[in-house]
Amino acid sequence: MFEKTLADLIQGLRANKRNEREYIQQSLEEIQREVQSSDVNQKSAAVDKLNYLHMLGYDMNWANFHVVEVMASGRFDQKRAGYLAAAQSFHADTDVVMLTTNLIRKDLASSNAMEVAVALDGLAQIATETLAMDLLDDVMAVLGHTRAHIRKKAIVCLYRLVMRYPEGQQAAVPQLKERLEDADPAVVSAAVSVVCELARTNPHNYLALAPALYRLLNSSRNNWMLIKIVKLFALLTPIEPRLARKLHGPVSQLVSTTGAMSLLYECIHTAVVGDIIGVPLPATDSVGCEVDFAELCAQKLEQFYESRDHNLRYVGLATLAQLQARRPDLVEAQFETVLRCVDDPDLSIRMRALEVVSAMATRRTLVRSVKRLMSQLVLSNTVALQPARTAASTYSVPEAYGDDEDDEDEDDAGHPLVDASGISRITAKGTMAPKTMQAVSNAADNPEYRLAVIEAILDMCSRQAYANMADFEWYVATLVDLVYIAGVDAGSQLSQKLLDVSARVRQVRGFSVRMARRLLADEHLVEHAATDGINAPVLATAAFILGEYCSLLPATHDDIVLLLPRALGTFSAQHQAAFVQAAMKAYTNWLGDVCGYWSPDVWEQVRSTTASTQRALADALLALNVGSTVSSTSLEAELPLEVDGRLRQFVAILDAVALATSNPSDTAPPLCAELHSLFTLHELNPISAAAQAKVPLPEGLDLDTPIGEAIPDTSLRVLPPSPPAPPVRVSSKHGSHAVAESKNSYGAQENGVYYLGGGKHGSSRELPEVDDIPVVALDLGGDRGVPHRTRKKEKSKKAHKKKQTKSSLRRSPSPPLAAVDIAADEDMPGSADAANQAQPEHPAQT
């Protein structure tokens, strides 16, 4: 009689701000007593207060059953409170939801439109799969209600039920088709919206609605409905190509006449993804002239990515990327405009523009696009260029990359990022002034964007086996520039591309060797890469290139020192092996070169160089925590296999050369002249991955007959089953069941394990019934076929000895496996250095 109302609860909360928690706990205790009352009014008021407290974060799931009782009230205000509480607190695991099925069905069939409306609203919120399956027909019956707002609510509720119960889509399509022809525009709009959302998952189910949608497309003047209809046709046209010709007229007219940017975007997007632009029919522009529909769409897209609205610029670039896949000639004409979007302050617009620029690169625009993208990396605050010790002259970034606004394409192609001496302009110019870097507000400081820029540059340059590349030396220099200005972990990608172009293009290998020397000579870069490991793959690839193609340039003993840095111990085992292998090649190449003009001075030089190489190798061994002794028999530290093998080979070569040149001679020792042939005797050129399939088989070659005797596989030895034991009968006075005679010998024991015996009498035997299999006790020692008690008492010495003999025979060692030589990658001629490198996956000789 004196219970608090919802207004009293709110006033009490405002009056008890200092002890709000205590007041709420006291109110919850009162509500718990009120909801258990038999008075529906008091129960409904308690549910109202629970709704309010639930919005403040307090749990009300304990009152779910009482909520259902309020939902069943005959008064509309109480029923509405119950449905509101159910919408807030019920979820998929609520156990009382099943109690609401008949209640909601009754409300949906009510003659009171307000009860039907509140039931539809509540059902849309609390629907589960079971509830949707049970009430789907009831909701579809409401679609024919006399009131328009009820039909609209029923359509929206039907969408929620179909999302919970997808099997109901087939039954819902005819009802939705009828609502598309409803007299009320709001109902039609709701039906179009629901169909548009449902068609995202399976558009085939709604292909039958295309005629009704086409009529609405031609008759409706509601832009919102037109947007939904056009989006629907974007889903239906790819699965029914005949719609493209039918939609050409209405869609092209909307593109020409509409002033709504949202509708214009959807029309262009539908025309592109539905290939309506491919229909060979002209379109009419805004002034009445006939133009190609694809060109009209490209012209209209300029309004988007030239707009000041960031959203319009983003969707315009996104649609332009889709248009590029079908009409690249139209997008190429927009190159200047799209290139300006790369400098947009908005990161999302930059990413979209980067995608378009990367895809529209051609032989004519490649250099200019790369220059613009690399200028962003150079002007970023995260750039880390080579120290200003590489050249005396410095110049600004626009001089290095050129001004995109003034330079012509021919000038760009004639001025690569490499000067006449082969020195990269970026690496030669030194560190930028701090003031210049701080003056540039660049969104390229974002690591994700920087990595995307580098990947776009690599993709543009290497696409279709370097189809757009005109100057490979420029490309190699660009890769070296990216090593210094990347600012992110892109070492793996750069190393793979550097190795790929050097392996594919013979003419650029000499230049690649010079660039590799520059990278390895940069002590700061080597130390930095050894510390964080970002550019370690690049340096390992540079070491491989220098060792593999060192014979293309005049030999020098300085290469050996570059390939044995003091920081070698901080690299990974894979990279250490690459450095040691490359140093071995460089040493033997230099040794073979000086043997061509042997003299006493050369002999002395060989002696000193060999000694210095031994000292450098000793420093490398110290870096690897091995020790300073350079003897092939003293490497006792635990090293990775690939590093240990190459170190031993190099130490052995140095010992052999020192021994061969221990005494002065007028002629070069044969050993010194022939050492490099170990690595250059056979050249392994890069081939395609499918090349082996093109090699014809010689006549008479039999690849199926084994060459020798088969090697026994002892990894899993399966012993043959023992012969079945004779059937044994045991007297019933011993308390055991009789063992029936069986041809299958169930219960046979091998080493104490019962199994289905194979026997010597064949394998095609019928299995007995399960009930006929005797139950016997398991004993790990003793004769088979004898019950446990009898076997334990009557075990004889003879049986025990026989068992020991069998056991010893089974434990006899397996026959030794025949030795099989498996050639490792480093043992293959001409490819030992590439064993630890990221070789090009499908290289083809350019």
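I will go through one helix and two buried serines in this structure.

This is a predicted model, where local features need pLDDT of at least 70, side-chain atom pairs count only at pLDDT 80 or more, and totals for chains, interfaces and linings use all residues. Residues are numbered from 1 along each chain as its sequence is written, and side-chain values use heavy atoms, with hydrogens and water left out.

Helix α2 first. Helices here are DSSP runs of H or I, at least four residues, numbered from the N terminus. Helix α2 covers residues 20-35, 16 residues in total. From first C-alpha to last it reaches 22 Å, close to the 22 Å expected at 1.5 Å a residue; that expected span is 1.5 Å times one less than the number of residues.

Which residues of α2 are buried? They are Y23, I24, S27, L28, E30, I31, E34 and V35. They cover an arc of only 165° around the axis, which puts them on the same side of α2. The arc is taken from the directions from the helix axis to the C-beta atoms. Buried means under 20% relative accessible area, exposed over 50%, and partly exposed in between, with a 1.4 Å probe and protein chains only. On the other side of α2, R21, E22 and R33 are exposed. The buried residues pack against α1 (6-15), α3 (40-55) and α4 (64-71).

Now the serines. S189 sits in helix α11, residues 185-198, and is buried at a relative accessible area of 15%. Setting aside neighbours within four places in sequence, S189 is in contact (heavy atoms within 4.5 Å) with W224 and M225.

S512 lies in helix α29, residues 509-521, and is buried at 2% relative accessible area. With neighbours within four places in sequence again left aside, S512 contacts V476, S502 and I545.
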